[in-house]
Amino acid sequence: MSDLKVTLIQTKLHWENIDANLNMFNEKIDSIRERTEVVILPEMFSTGFSMAPEKLAEKMDGKAVQWMAKKAAEKNIIIGGSLIIEEDGEYYNRFVWMQPNGVAGAYDKRHRFAYAGEDKHYAAGDTRLIASVKGWKICLNICYDLRFPVWQRNQINADTNAPAYDLLINVANWPERRSTAWKTLIQARAIENQVYAIGVNRVGDDGNGIYHSGDSSLIDPLGEILYRKSHEEDIFTTTLERTKLDEIREKIPFLRDADKFQLF
């Protein structure tokens with residue numbers, strides 16, 4: 001198994017302005033000088049966390065998805081982030097996992113944030129997506145999903161005798177007023193699932209005047225904070241060590257003692 005190079009982009013977003021956001025992310029990705037393999041953008045990276053899908057949604061062949069495909073091919077990277085997608089008359093907060101060959105994985109947010117009315121505007125997903133890159137299995141989640149640990153529970157696969165996934169990625173627009181929960185939960189998910197956990201959040205005020213402190217994070221399988229950035233825009237590239245993950249699981253194989261249950 002190989003190491004994996006990942007880049008986290010924490011940034012302000014232009015409210016409900018797809019072109020401005022795509023131009024901004026184009027420049028930020030072009031500015032990455034280190035070699036990287038996976039670039040992670042925040043939740044609803046092309047619009048901000050908007051409850052106006054009727055005017056902002058696109059289909060899977062729309063402008064932002066096409067930009068992801070072009071940029072992924074140009075840089076030979078995977079680009080991941082969520083955006084507003086319309087499909088069969090429904091709107092989804094969809095995590096698009098765009099590969100350089102143009103093939104895209106899709107995860108629709110299961111837990112909609114009813115406190116902000118997300119459940120009134122977006123349909124819920126019902127299928128967990130675990131992507132595969134260089135032997136790494138990667139579980140994709142969106143913001144509010146982080147509060148529901150059963151949905152992200154890592155279990156030993158009976159056929160492979162290995163954990164279902166190795167890396168959890170959560171993309172978010174998580175307000176500063178609840179930042180303690182964000183920081184605590186991303187750390188807890190890493191520990192309880194014995195995985196690396198990445199949380200990529202935005203910074204700055206959104207169109208509703210809600211401030212976001214970012215706190216984008218990388219946590220190792222023991223819960224150690226390898227990276228965290230608050231209040232500032234930042235582009236962070238690092239290497240996830242496969243040997244470290246395997247050694248931790250071998251020395252402390254507690255996933256094998258977990259309760260057995262089936263949710264999905």
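Which residues does the UniProt annotation "domain: CN hydrolase" cover? In the unreviewed entry, this annotation spans residues 4-242. The structure examined here is a predicted model. Over residues 4-242, helix accounts for 21% of the chain and strand for 33%. The C-alpha atoms at the two ends of this stretch lie 8 Å apart.

Asn-21 was examined with regard to its surroundings. This residue is placed in helix H1, which comprises residues 18-30. Its relative accessible area is 0%, and Asn-21 is therefore classed as buried. Two backbone oxygens are found close to polar atoms of its side chain. That of His-14 lies 2.8 Å from a polar atom of the Asn-21 side chain, and the backbone oxygen of Asn-17 is reached by the side chain at 3.0 Å. When neighbours within four places in sequence are left aside, the contacts of Asn-21 are with Leu-13, His-14, Phe-45, Ser-46 and Thr-47. His-14 thus appears both in this set of contacts and as the residue whose backbone oxygen lies 2.8 Å from the Asn-21 side chain.

Salt bridges were considered next. The structure holds 20 of them. In one, Glu-86 is joined to Lys-59, with 2.2 Å between the closest N and O atoms. This pair links distant parts of the chain, the two residues being 27 residues apart. Glu-86 belongs to strand S3 (residues 78-87), whereas Lys-59 is in the loop between helix H2 (53-56) and helix H3 (63-75). The accessibility of the two partners was also computed. Glu-86 has a relative accessibility of 17% and so counts as buried, while Lys-59, with a relative accessible area of 44%, is partly exposed.

A further salt bridge is formed by the side chains of Glu-118 and Lys-109, with an N to O distance of 2.9 Å. Glu-118 is buried, its relative accessible area being 0%. Lys-109 is likewise buried, with a value of 2%.

The side chains of Arg-242 and Asp-246 also meet in a salt bridge, at 3.2 Å from N to O. Both residues are in helix H6 (residues 242-251); because they are four residues apart there, about one helical turn separates them. Arg-242 is buried, with a relative accessible area of 7%, whereas Asp-246 counts as partly exposed at 32% relative accessibility. Elsewhere, Asp-30, Lys-71, Glu-74 and Lys-75 are joined into one network by salt bridges that share partners. Arg-242 is also the residue at which the annotated range of 4-242 ends.

The cysteines were then assessed for disulfide bonding. A disulfide is a covalent bond between the sulfur atoms of two cysteines. The count of disulfides in the model is zero. For Cys-139, the closest cysteine sulfur is that of Cys-143, at 15 Å; this is too far for a bond, because a disulfide requires sulfur atoms within 2.5 Å. Cys-139 is buried, with a relative accessible area of 0%. Cys-143 is in no disulfide, and its nearest cysteine sulfur, that of Cys-139, is 15 Å away. Cys-143 is buried as well, with a relative accessible area of 8%.

Aromatic rings were analysed last. A pair of aromatic rings is described by the distance of the centres and the angle of the planes. The count of aromatic pairs comes to nine. One of these is formed by Phe-113 and Tyr-115 in a tilted arrangement, with 5.7 Å from centre to centre and 55° between the planes. Phe-113 is buried at a relative accessible area of 17%, whereas Tyr-115 counts as exposed at 66% relative accessibility. Phe-113 also pairs with Tyr-144, here in an edge-to-face arrangement with a centre-to-centre distance of 5.0 Å and an angle of 65° between the planes. The Phe-113 and Tyr-144 pair links distant parts of the chain, 31 residues apart. Phe-113 is in the loop between strand S5 (104-108) and helix H4 (118-121), and Tyr-144 is in the loop between strand S7 (136-142) and strand S8 (167-171). Ring pairs link Phe-113, Tyr-115 and Tyr-144, together with Phe-148, into a cluster.

Technical notes. Residues numbered from 1 in each chain as written. Predicted model: local features only at pLDDT ≥ 70, side-chain atom pairs only at ≥ 80, totals over all residues. Heavy atoms only, no water. UniProt positions renumbered as here; feature names shortened; annotations may be inferred. Buried < 20%, exposed > 50% of the residue type's maximum accessible area, 1.4 Å probe, protein only. Polar contact = N/O pair within 3.5 Å; in protein donor to acceptor, adjacent residues only side chain to side chain. Contact = heavy atoms within 4.5 Å. Salt bridge = Lys/Arg side-chain N within 4 Å of Asp/Glu carboxyl O. Phe/Tyr/Trp six-rings, centres within 6.5 Å; stacked < 30°, edge-to-face > 60°.
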